[in-house]
Amino acid sequence: MRNTHVLPAALLMTLTGFHAASAQSVPSPTPQFTAPKVDVFKELRVISGVTVSPNGDLTFVGSDAKIHRTDATGSEKWVYTVGDIGRAYPVVTPQGVTIAASYDDTVYALDPAGKLLWKQKLDGDIYATPALRIDGSVIVATAGGSVHALSAAGKLLWSYKVGSPVFSSPAIGPDGTIYFGSQNNRMNALTADGKPKWTYSAGSLVFSSPAVGPDGSVYFGSSDRRIHAVTPDGQPRWTVLTGLFVNASPIITSGGLVVVGSYDGSVYAVNTTGETEWTYRAGAGIAGSAVELSDGSVLVADLSGTVHAIGKAGQALWQLKTGKKIDTGISVSDQGSLYFVTDGGGLNILQKQRPLAVGPWTTFHGAPNPVGRVPTPVELQAQTQARRAAASAVIAALKPSTTATTAPAQPARPPQPTQPAAQPTRPAQSTQPTQPTQPSQPVRPAQPAQPAAPALTPAQFAAAAGQKARVADGQLFLPLTEVAGALGLDVRNVTVRTATLRVKGQNLPVTVRMLDRAAFVPLAALADLPDAQARLTRTPTAGITLTVDGRSAVFPVAVAGLLSLQSPPEFASPR
């Protein structure tokens, strides 16, 4: 146990001479909406991250060197005194056991009532959040430079000596591999029984905790200012350079984007091929993890004390300014409450918000209760069902109430179903004989025929695509919507850099470019789809004939003869 407690982020800022204010030179974008207000604020002296149990209870470690359990509004249920403070998120097992660690080098296990089950002394301060394995055992990393496996009963199963302090929270892949960063500039991989599997060298210290994708790919940040992607066998996939060190831990959104903030004051969203989809300028350094909500928006807090809500395309939705530093991530309950901690240990609660997005790693360590493990298919299915049900309940609660006492009178007016909102305010007008003449209003259901108007034939879509075709940087681009209509393709997702097409039963990404606020896809990217064919034609229509998934269309493009149908390296398969 150390006599003084210097947090890793603060220590690194001291070594580099960087301070949060130095990242505030870039103004953040103008938000589109008014920020929600903090519904509940309590001075609870919170110093760790906040863990949310399935029932909405909160667990955290306080600056009073106690483990706290509260209800969803921060009202205390129990406390347990430990030997020192701690920054690691507690972990709550499916059986309700709380696993928490502190700077007294000890891991504690408490029963659902807050009584001690066991404790285990290790070889150094514990900054990192433990990872919970499917058998109930936990993986714990220490500043003493070791990684330990403890059984569900607290017995030491094995230890691995790293030889360098570990502040990065371990994460467990689908095959049981254990990943963690260390202060010798490495990302490490151990087998499930604690044997070294591989190491990957970054350019500097690794405080960031890894996020693990469903395929076992590992994503993390480093003080070398880069976001790193590594294959399950330790080979580099890509890196993205930011303006300053990346201590925050990435998340992986439901759409497959790796999202993480940097001390340069920006949030980066990178797709799985290493292309930056969008960059959001928060204006102040970011130390905590982001979180994705069920509507696809991303929330992140910066060191100036502002919570940012970011849209799917990287646009500013709203900004909540607290004026107090926030250096941990935002926690989200399935009941739709958001929790974050401001400098001094204040617990802030935003109620009636969206629950978490469905996905294996949409928040720090993969869950509101940060178990640090890729869920099994059964767990993910249960998680999906629970969050969808929660999201439906939250959305229903967000709608304006329609349970006014005058509502039961409505069934007496079946002829006016299209004006339920206006009728209750004018009950006396039910005697007016002129009301039934407003069936001109119900003729509005003819409005849905508007979308049907553009129901073009595939040939018409192809002709429209040919007319809108563009040449940029020596490549031919076709409008995505018209191409999909011509070829009968199902477009599953579109961002500012990529689109996902359903082809031969697979979701396949293609590069797109936004031109005049519309998505255009390179001809070369379409020609690269499985079994796709593209050829120049002269009759009956001059242009390009494209065949994808067994469907063909002729696009009348006058510049066809100027372009090659070969894919340039930009569209080659990712490394």
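Which residue in the turn of the hairpin that E23 and E24 form has a positive phi? It is Gly 265, with a phi of about 90°, and 4 residues lie between the two strands. I'll come back to that hairpin after an overview. Please keep in mind that this is a predicted model.

Overall figures to begin. The protein has 575 residues, and 54% of them count as buried. It contains 6 helices and 42 strands. Of the contacts with a separation of 6 or more, 46% are between residues 24 or more positions apart. The accessible surface is about 25,200 Å², and carbon and sulfur atoms hold 54% of that area.

Now to E23, residues 258-261. This strand is covered on both faces. Val 258 and Val 260 are buried on one side, and Val 259 and Gly 261 are buried on the other. The general background is that side chains in a regular strand alternate between the two faces of the sheet.

E23 has an antiparallel partner in E22, residues 251-252, and 2 bridges join them. One residue pair to look at here is Ile 251 with its bridge partner in E23, Val 259. The hairpin of E22 and E23 has 5 residues between the strands, and Gly 256 there takes a positive phi near 90°. E23 also runs antiparallel to E24, residues 266-270, this time with 4 bridges. Val 259 turns up again in that pairing, standing opposite Ala 269 in E24. So much for the turn I opened with, where Gly 265 has the positive phi.

Next, a sheet earlier in the chain. It is an open sheet of 4 strands, in the order E6-E7-E8-E9, with antiparallel pairing. Strand E6, residues 91-92, and E9 are at the edges; each has a single partner strand, so each has one side without a neighbour in the sheet. As a general point, strands of a sheet pair through backbone hydrogen bonds, either parallel or antiparallel. E8, residues 106-110, pairs with E9 over 5 bridges in the antiparallel sense. Within that pairing, Ala 109 has Trp 118 of E9 as its bridge partner.

Trp 118 leads on to a loop residue, Ser 151. Where is Ser 151 found? It sits in the loop between strand E12, residues 146-150, and strand E13, residues 156-161. Leaving aside residues up to four places away in sequence, Ser 151 touches Trp 118, Ser 137 and Leu 157. Is Ser 151 buried or exposed? Its relative accessibility is 15%, and the cut-off for buried is under 20%, so Ser 151 counts as buried.

A second loop residue, Ala 367, can be treated in the same way. Ala 367 lies in the loop between strand E32, residues 346-350, and helix H2. Ala 367 has a relative accessible area of 13% and is therefore buried. Its C-alpha atom is separated by 9.9 Å from that of Val 291, a residue 76 positions away along the chain.

On to the pockets and cavities. The second largest pocket holds about 820 Å³ of space. Its lining consists of 35 residues, and those nearest the centre are Val 92, Thr 93, Pro 94, Asn 369 and Val 371. Two elements give two or more residues to this lining, namely strand E9, residues 116-121, and helix H2, residues 377-398. H2 supplies the largest share, 5 residues. What is the make-up of this lining in nonpolar, polar and charged residues? It has 20 nonpolar, 10 polar and 5 charged.

As for enclosed space, the structure has 3 cavities of 30 Å³ or more. The second largest cavity has a volume of about 90 Å³. Its lining has 14 residues, and the closest to its centre are Tyr 89, Ile 330, Ser 331, Thr 363 and Phe 364. The lining of this cavity has 10 nonpolar and 4 polar residues, and no charged ones.

Last, helix H4, residues 458-468. Which residues of H4 are buried? They are Phe 461, Ala 462, Ala 464, Ala 465 and Gly 466. The elements covering these buried residues include strand E34, residues 475-479, helix H5, residues 480-487, and strand E42, residues 551-555.

That's what I have for today.

Methods: Residues numbered from 1 in each chain as written. Predicted model: local features only at pLDDT ≥ 70, side-chain atom pairs only at ≥ 80, totals over all residues. Heavy atoms only, no water. 1 Å grid on protein atoms, 1.4 Å probe; cavity = no way out; pocket = protein on both sides within 12 Å on 5 of 7 lines; lining within 4 Å. Points joined across faces, edges and corners; volume = space filled by probe spheres on them. Nonpolar A, V, L, I, M, F, W, Y, C, P; charged D, E, K, R; others polar. Buried < 20%, exposed > 50% of the residue type's maximum accessible area, 1.4 Å probe, protein only. Contact = heavy atoms within 4.5 Å. Areas by Shrake-Rupley, 256 points an atom, 1.4 Å probe, with all protein chains shown as cover. Pairing = 2+ DSSP bridges.
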